[in-house]
Amino acid sequence: MLFNSIGSFQAKRYVFKSNDRNSMDIQCEVDALLERQKREATPNPKTPSSKRQVDPEFADMINVQEFCKAEEVDEDSVYGVFVSYIEIYNNYIYDLLEEVPFDPIKPKPPQSKLLREDKNHNMYVAGCTEVEVKSTEEAFEVFWRGQKKRRIANTHLNHESSRSHSVFNIKLVQAPLDADGDNVLQEKEQITISQLSLVDLAGSERTNRTKAEGNRLREAELLVSEVVLQSFPPLPSCEILDINDERTLPRLVEALEKRHHLRQMMIDEFHKQSITFKALLQEFDNAVLNKENYVQGKLNEKEKVISGQKSEIERLEKKNKTLEYKVEILEKTTTIYEEDKRHLQQELETQNQKLQRQFSDKRRLEARLQGMVTETTMKWEKECERRVAAKQLEMQNKLWVKDEKLKQLKAIVIEPKTERPERPSRERDREKATQRSVSPSPVPNAPPVRLRHRRSRSAGDRWVDHKPASNLQTETVMQPHVPHAITVSVANEKALAKCEKYMLTHQELASDGEIETKLIKGDVYKTRGGGQSVQFTEIETLKQESPTGRKRRSSTGAPAQPDGTESEWTDVETRCSVAVEMRAGSQLGPGYQHHAQPKRKKP
């Protein structure tokens with residue numbers, strides 16, 4: 001009934017663990033698993049196994065009835081069953097489940113256990129073996145093992161089983177589960193323990209040998225009572241029908257007197273037999289006492305031997321503890337050395353990684369510096385070439401201006417003064433300047449002037465050239481040009497995704513009325529959202545200015561100065577006084593700008 005009721009709610013083996021205080025401890029799942037693995041690795045005959053077949057010696061004793069079970073079982077708890085088996089003989093308590101080596105030649109008496117009282121004032125046997133069982137078969141296996149040990153001990157130690165008691169204890173342990181219903185609560189106060197003791201008392205073996213049990217035993221008791229009653233003479237009829245009847249009562253009195261006499265005789269016989277039995281019992285007690293004295297003497301001798309062996313064991317245990325202490329010290333020292341070794345290895349690996357990183361950084365820095373040196377060298381070589389070409393062009397233009405001035409002065413001196421012509425328009429000045437610029441240079445072996453395109457310093461990168469549709473086409477010699485660029489009028493994500501650089505061409509009107517073109521450059525970065533962003537890094541400016549620093553006017557419809565000394569300037573001066581030079585000192589890099597020589601006043 002017990003295992004039918006709690007079969008599906010049993011805790012795993014070794015979750016409950018008995019202690020020496022008549023209570024239970026709870027182990028966590030990890031500790032219970034480790035102990036199960038340990039016990040499986042080293043099989044212990046004391047621990048029953050549900051995988052083994054039932055011993056045929058007691059297989060016929062097991063009669064499991066599945067319908068026999070308790071109805072109300074707390075499903076929010078787990079259960080465990082522990083059994084123990086003890087024998088009481090001459091006020092000594094022996095553990096029938098204790099595993100001790102047995103010597104058939106010189107059998108040693110088992111060690112007696114002590115009877116103690118726990119904190120709840122319950123009596124228990126200290127140090128008694130409690131075996132956890134998971135089924136009816138396991139419980140019978142443990143019980144039968146104790147029975148065989150009891151018979152063997154009684155045979156070799158001359159114990160009279162009729163004078164010994166045996167107690168088979170069944171202990172049921174219950175503990176609640178946690179809120180999740182997965183683990184057992186680790187609170188000892190929540191444990192509930194119930195115990196059932198099956199006792200075989202001394203002197204009850206006669207009925208056991210006759211197999212008189214149940215109704216048959218009760219029938220035997222009734223028969224004994226009837227035999228005693230039948231030994232008395234029967235009583236006469238006690239019915240009085242006539243008031244003058246004088247025979248019935250005397251006969252009844254006579255029968256009762258006979259019964260009383262017979263009873264007195266039986267009492268005397270019983271006293272005689274009891275005296276004889278007491279004498280026999282006294283003789284038996286004397287024999288038992290002599291035997292006990294003999295056994296006690298033998299036990300004393302054995303105890304002396306055991307005491308000597310205990311002393312030797314204590315000495316060996318002390319020596320063993322000393323060696324264990326030394327081993328523990330050596331293990332701690334080894335652990336310290338291993339820890340130091342591990343720390344040193346980790347430090348060595350850290351240093352190696354640091355050196356590798358430093359070496360990698362050094363190589364990257366060397367490569368970067370090499371690239372910067374190469375790039376700077378190329379940049380300054382180009383800058384030097386540009387400055388030399390600009391200087392040559394400047395010198396040629398100066399010589400040309402001087403030559404033209406001399407020619408004009410010669411013409412003024414030689415030719416008569418004529419009516420001042422109308423000032424040409426700006427477009428015609430440009431056409432004339434262009435025609436004169438393509439005329440042969442007065443300087444021999446001068447290099448030809450060619451249109452120069454401004455290139456980005458990061459020519460190796462892919463650019464997005466953003467030129468809004470509202471921009472005007474300028475007629476400056478210097479024009480921005482980026483090779484392999486994607487030219488767009490409106491910035492879009494598709495173009496930015498294909499390039500690493502971005503350039504916006506922005507035009508605005510300067511204070512002198514001229515168009516100023518700014519090239520705003522930046523780097524394209526990918527964002528976390530999958531898009532692109534532009535971070536502006538520098539600005540280059542392209543501007544056209546008047547040679548005199550003032551706004552240039554068109555000669556068409558311009559009124560003449562009344563004093564005849566108007567501050568006009570010729571197309572020759574305009575064409576020859578303009579030079580190209582580099583603007584230095586800017587943190588944003590080299591920029592290009594038109595500069596004009598200021599016009600000198602006429603004498």
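Two rings of Phe, Tyr or Trp count as a pair if their centres lie within 6.5 Å, with the six-membered ring used for Trp. Keep that in mind for the model on screen. It is a predicted model. Searching the whole structure by that rule gives 5 aromatic pairs.

Let's look at some of those rings. Tyr85, Phe143 and Phe168 are linked by ring pairs into a cluster. Find them on the structure above.

Now a ring with a charge. Which residue has its charged end over the ring of Trp144? It is Arg151. The charged end lies 5.5 Å from the centre of the ring.

Next, charge against charge. Side chains of opposite charge can pair when their charged atoms come close. How many salt bridges does the count come to? The count is 24. I'll take three of them, then a network.

Start in helix H2, which covers residues 29–41. Glu35 and Arg39 form a salt bridge there, at 3.1 Å from N to O. The two residues are 4 apart, about one turn of the helix. Are they buried or exposed? Glu35 has a relative accessible area of 12%, so Glu35 is buried, the limit being under 20%. Arg39 comes out at 30%, so Arg39 counts as partly exposed. One bridge, then, joins Glu35 to Arg39, with Glu35 buried and Arg39 partly exposed.

Stay in H2 for a moment. Arg36 sits in this helix too. Its relative accessibility is 17%, so Arg36 counts as buried. What is the distance in space between Arg36 and Val15? C-alpha to C-alpha, it is 9.7 Å. Along the sequence, Arg36 and Val15 are 21 residues apart.

On to helix H7, residues 248–414. Glu339 and Arg342 both lie in it, 3 residues apart, about one turn of the helix. Their side chains form a salt bridge at 1.9 Å, N to O. Glu339 is at 28% relative accessibility, which makes it partly exposed. Arg342 is at 39%, and that also counts as partly exposed.

Further along H7 we reach Lys391 and Glu394. Again the spacing is 3 residues, about one turn of the helix. Their side chains meet in a salt bridge, with N to O at 3.8 Å. Why does that count? Because the cut-off is within 4 Å. Lys391 is partly exposed at 47% relative accessibility. Glu394 is partly exposed as well, with 23%. Besides such pairs there is a network: salt bridges with shared partners join Glu87, Arg150 and Asp200.

Now the nonpolar side. Which residues form a nonpolar patch on the surface? They are Phe277, Leu281 and Phe284. Together they have about 300 Å² of accessible area. Phe284 belongs to helix H7. At 39% relative accessibility, Phe284 counts as partly exposed.

Cysteines next. How many disulfides does a search of the whole structure find? The answer is 0. Two cysteines are worth pointing out. Cys384 is partly exposed, at 44% relative accessibility. Cys499 is buried, at 6%.

Let's turn to the loops. Most residues other than glycine have a negative phi. Tyr14 has a positive one, near 75°. Where does Tyr14 lie? It is in the loop between helix H1, residues 2–6, and strand S1, residues 16–18. With a relative accessible area of 10%, Tyr14 is buried. Asn22 also has a positive phi, near 60°. You'll find Asn22 in the loop between S1 and strand S2, residues 24–26.

One more loop. Asn90 sits between strand S3, residues 77–89, and strand S4, residues 92–95. It counts as partly exposed, at 28% relative accessibility. Asn90 and Arg163 are 73 residues apart in sequence. In space, their C-alpha atoms are 7.8 Å apart.

Quick recap. There are 5 aromatic pairs, 24 salt bridges and 0 disulfides. Helix H7 gave us the bridge from Glu339 to Arg342 and the one from Lys391 to Glu394. Tyr14 and Asn22 are the loop residues I showed with a positive phi. That's it from me.

Notes: Residues are numbered from 1 along each chain as its sequence is written. This is a predicted model: local features need pLDDT of at least 70, side-chain atom pairs count only at pLDDT 80 or more; totals for chains, interfaces and linings use all residues. Side-chain values use heavy atoms; hydrogens and water are left out. A disulfide is a pair of cysteine sulfur atoms within 2.5 Å. Buried means under 20% relative accessible area, exposed over 50%, partly exposed in between (1.4 Å probe, protein chains only). Patches are made of residues with over 30% relative accessible area and no salt bridge: like charges are joined within 9 Å, nonpolar side chains (Val, Leu, Ile, Met, Phe, Trp, Tyr) within 5 Å. Accessible areas come from the Shrake-Rupley method with a 1.4 Å probe; for residues, only the protein chains shown count as cover. Rings of Phe, Tyr and Trp (its six-membered ring) pair if their centres lie within 6.5 Å; planes under 30 degrees apart count as stacked, over 60 as edge-to-face and the rest as tilted. A charge sits over a ring if NZ of Lys or CZ of Arg is within 6 Å of the ring centre and within 35 degrees of the ring normal.
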